Amino acid sequence: DGRVKTLHPKVHGGLLGLRDNPEHVRMMSSHGILNIDLVVVNLYQFENTVAREGVTLEDAIENIDIGGPAMLRSSAKNFRDVTVIVDPSDYAPVLKEMGELGGATSPQTRFRLAKKVFQLTHRYDGAISRYLEGVEIGKDA
């Protein structure tokens with residue numbers, strides 16, 4: 001049902017592998033891991049879910065995105081090689097730049113976008129924490 005597909009080692013290997021590190025390149029090749037150069041992720045709408053009247057803890061928990069933030073963090077950590085987009089307002093400027101640079105993006109753009117990732121995941125985790133602070137469950141849960 002999609003709960004673990006984005007946590008696969010080939011995905012994160014393709015995001016985190018350093019292309020200028022011969023050992024990384026060798027290991028990726030030996031394990032059939034391909035480079036991933038562009039990542040676009042829209043996280044589950046946790047805040048919208050918990051804002052609904054009568055939302056259950058089970059519904060809230062199911063709407064906590066795990067793979068998305070993990071992929072975003074892996075991508076942003078390797079901003080030297082990976083372009084990561086979390087804000088739809090960045091789609092057009094990134095596409096324009098890629099057109100101008102033969103499919104690539106500049107280091108400045110990749111770093112700017114990586115910073116947006118860490119800002120977003122910080123807010124996202126904060127929203128989850130704030131919600132859970134207000135929830136109590138019984139001893140037998």
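The exercises below concern a pocket and the aromatic pairs of a predicted model.

**Exercise 1.** Describe the second largest pocket by its volume, its lining and the classes of its lining residues.

Solution. The space in this pocket comes to about 180 Å³. Its lining consists of Leu43, Tyr44, Gln45, Phe46, Glu47, Asn48, Leu120, Arg123 and Tyr124. Helix H3 (46–51) and helix H7 (107–133) are the elements that give two or more residues to this lining. Sorted by class, the lining has five nonpolar, two polar and two charged residues.

**Exercise 2.** Classify the ring pair of Phe46 and Tyr131, and place both residues in the chain.

Solution. The model has three aromatic pairs. In the pair of Phe46 and Tyr131, the centres are 5.7 Å apart and the planes stand at 80°. Angles over 60 degrees count as edge-to-face, and the pair is edge-to-face. Phe46 sits in helix H3 and Tyr131 in helix H7, 85 residues apart, and the pair links distant parts of the chain. Both residues are buried. Ring pairs also join Phe46, Tyr124 and Tyr131 into a cluster. Two members of this cluster, Phe46 and Tyr124, belong to the pocket lining of Exercise 1.

**Exercise 3.** Which parts of the chain does the pair of Phe79 and Phe111 tie together, and are these residues buried or partly exposed?

Solution. The ring centres of Phe79 and Phe111 are 4.9 Å apart, with 50° between the planes, and the pair is tilted. Because Phe79 lies in the loop between helix H5 (67–77) and strand S2 (83–85) and Phe111 lies in helix H7, the pair ties together parts 32 residues apart in sequence. Phe79 has a relative accessible area of 27% and is partly exposed. Phe111, at 37%, is partly exposed too.

Notes
Residues are numbered from 1 along each chain as its sequence is written. This is a predicted model: local features need pLDDT of at least 70, side-chain atom pairs count only at pLDDT 80 or more; totals for chains, interfaces and linings use all residues. Side-chain values use heavy atoms; hydrogens and water are left out. On a 1 Å grid over the protein atoms alone, a cavity is a set of points where a 1.4 Å probe fits but cannot get out, and a pocket is an open set with protein on both sides within 12 Å along at least five of seven lines; lining residues have an atom within 4 Å of a point. Grid points are joined across faces, edges and corners, and a volume is the space filled by probe spheres set on the points. Helices (H or I, at least four residues) and strands (E, at least two) are DSSP runs, numbered from the N terminus. Ala, Val, Leu, Ile, Met, Phe, Trp, Tyr, Cys and Pro count as nonpolar, Asp, Glu, Lys and Arg as charged, and the others, Gly among them, as polar. Rings of Phe, Tyr and Trp (its six-membered ring) pair if their centres lie within 6.5 Å; planes under 30 degrees apart count as stacked, over 60 as edge-to-face and the rest as tilted. Buried means under 20% relative accessible area, exposed over 50%, partly exposed in between (1.4 Å probe, protein chains only).
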